Amino acid sequence: MRPCRCEDVSGGARACGISFCNSRPKREVIQCSVTMLPAPGVFHFLWEITSGAVQEGATVRTIGRLACYRLEDSEVTLTVRHGSTQHQLVVLTGFVEPFLPITGALYMMLGECESIEDGTTVLRARVLNCVEGVNLPQLEDAVSEQRRFFQEREREREREREREGGTSAPHTSAEGPC
């Protein structure tokens, strides 16, 4: 681990130039200034992305079956069944080519959501992995449990801030503090 190069800023907080600083005391408010790396990507199911629940520009992880690959357009179509509905998402693969597509296999993608001319949401993939063999119902349960954990942790932090007198909230992401 590199040494911390934190600087004191107003209110006793520190602005850290690196993202893995361990020199700060617990309960200290941190202001993140690292913008070089893209967001880590919150897991969203395919049906959440296609329903419009995810904002444009959001970094997401998702999983689905590769239905077709169009090399000339550098895009694949992922599908997944949720309930009685079959959901499809177009994934732009220009950043991850060349790759060997296996039609019908499960793929996990990491990328940014974008809207195209007709208002359809697409995913511009940064990472594409074949994850054939993943138990989808178990993955759904794990993601739902993780979301419940993060929501409960955030509620606990809110209660703690209220007890401390309503001090300003630290910057957090869906995965936790920076």
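Here is a friendly conversation about a predicted model of a protein and the words used to describe it.

Colleague: Let's start with the overall layout. How many helices and strands does the protein have?

Modeller: There are two helices and eleven strands. Read from the N terminus, the order is β-β-β-β-α-β-β-β-β-β-α-β-β. The protein has 178 residues, and 30% of them count as buried. Contacts across the chain matter for the picture too: among those with a separation of 6 or more, 44% come from residues 24 or more positions apart.

Colleague: What makes the pair of phenylalanine 149 and phenylalanine 150 tilted?

Modeller: The structure holds four aromatic pairs. In the one formed by phenylalanine 149 and phenylalanine 150, the ring centres are 5.6 Å apart and the planes meet at 55°. Rings pair if their centres lie within 6.5 Å, and planes under 30 degrees apart count as stacked while those over 60 count as edge-to-face. An angle of 55° fits neither of those classes, so the pair is called tilted.

Colleague: And are those two phenylalanines buried or exposed, and how do you know?

Modeller: Buried means under 20% relative accessible area, and exposed means over 50%. Phenylalanine 150 has 19%, so it is buried. Phenylalanine 149 has 49%, which lies in between, so it counts as partly exposed.

Colleague: Which residues do ring pairs link into a cluster?

Modeller: That cluster is made of Phe43, Phe45 and Trp47.

Colleague: What makes you say that arginine 124 lies over the face of phenylalanine 95?

Modeller: The distance from arginine 124 to the ring centre of phenylalanine 95 is 5.7 Å. The limit for a charge over a ring is 6 Å, with a second condition on the angle to the ring normal. Arginine 124 is listed as lying over that face.

Colleague: Let's turn to helix H2. How does its reach compare with the expected span?

Modeller: Helix H2 covers residues 136-163, which is 28 residues. From first C-alpha to last it reaches 41 Å, close to the 40 Å expected at 1.5 Å a residue. Its buried residues are Leu139, Val143, Phe150 and Arg161, and the buried residues of H2 pack against strand S4 (42-43) and strand S5 (59-70). After H2 comes glycine 165, with a positive phi near 105°.

Colleague: What is noted about the phi of serine 74?

Modeller: Phi of serine 74 is near 55°, which is a positive value in a residue other than glycine. Serine 74 sits in the loop between S5 and strand S6 (75-82).

Colleague: How do you know that serine 74 makes a polar contact with glutamate 97?

Modeller: Their side chains come to 3.0 Å, and the cut-off for such a pair of N or O atoms is 3.5 Å. Beyond its sequence neighbours, serine 74 touches several residues, including Val91, Leu92 and Glu97.

Colleague: Where does proline 98 lie, and why is the peptide bond before it called cis?

Modeller: Proline 98 is in the loop between S7 and S8. The bond from glutamate 97 to proline 98 is cis, with omega near 0°.

Colleague: Why is threonine 103 called exposed?

Modeller: Threonine 103 has 58% relative accessibility, and exposed starts over 50%, so it counts as exposed. It is found in the loop between strand S7 (85-92) and strand S8 (106-115). Outside its neighbours within four places in sequence, threonine 103 is in contact with Leu66 and Ala67. Its C-alpha is separated by 7.6 Å from that of arginine 65, although the two residues are 38 residues apart along the chain.

Colleague: Why does glutamate 112 count as buried?

Modeller: Its relative accessibility is 18%, and the limit for buried is under 20%, so glutamate 112 falls on the buried side. Glutamate 112 lies in strand S8, and a polar contact of 3.4 Å joins its side chain to that of threonine 59. Among the residues touched by glutamate 112 are Gly57, Val122 and Arg126.

Colleague: One last topic. How many disulfides does the structure hold, and are cysteine 68 and cysteine 113 buried or partly exposed?

Modeller: The structure holds zero disulfides. Cysteine 113 has 2% relative accessibility, so it counts as buried. Cysteine 68 has 29%, so it counts as partly exposed.

Notes
Residues numbered from 1 in each chain as written. Predicted model: local features only at pLDDT ≥ 70, side-chain atom pairs only at ≥ 80, totals over all residues. Heavy atoms only, no water. Phe/Tyr/Trp six-rings, centres within 6.5 Å; stacked < 30°, edge-to-face > 60°. Buried < 20%, exposed > 50% of the residue type's maximum accessible area, 1.4 Å probe, protein only. Lys NZ or Arg CZ within 6 Å of the ring centre and 35° of its normal. Helix = DSSP H or I, 4+ residues; strand = E, 2+ residues; numbered from the N terminus. Expected span 1.5 Å × (residues − 1). Contact = heavy atoms within 4.5 Å. Polar contact = N/O pair within 3.5 Å; in protein donor to acceptor, adjacent residues only side chain to side chain. Disulfide = S-S within 2.5 Å.
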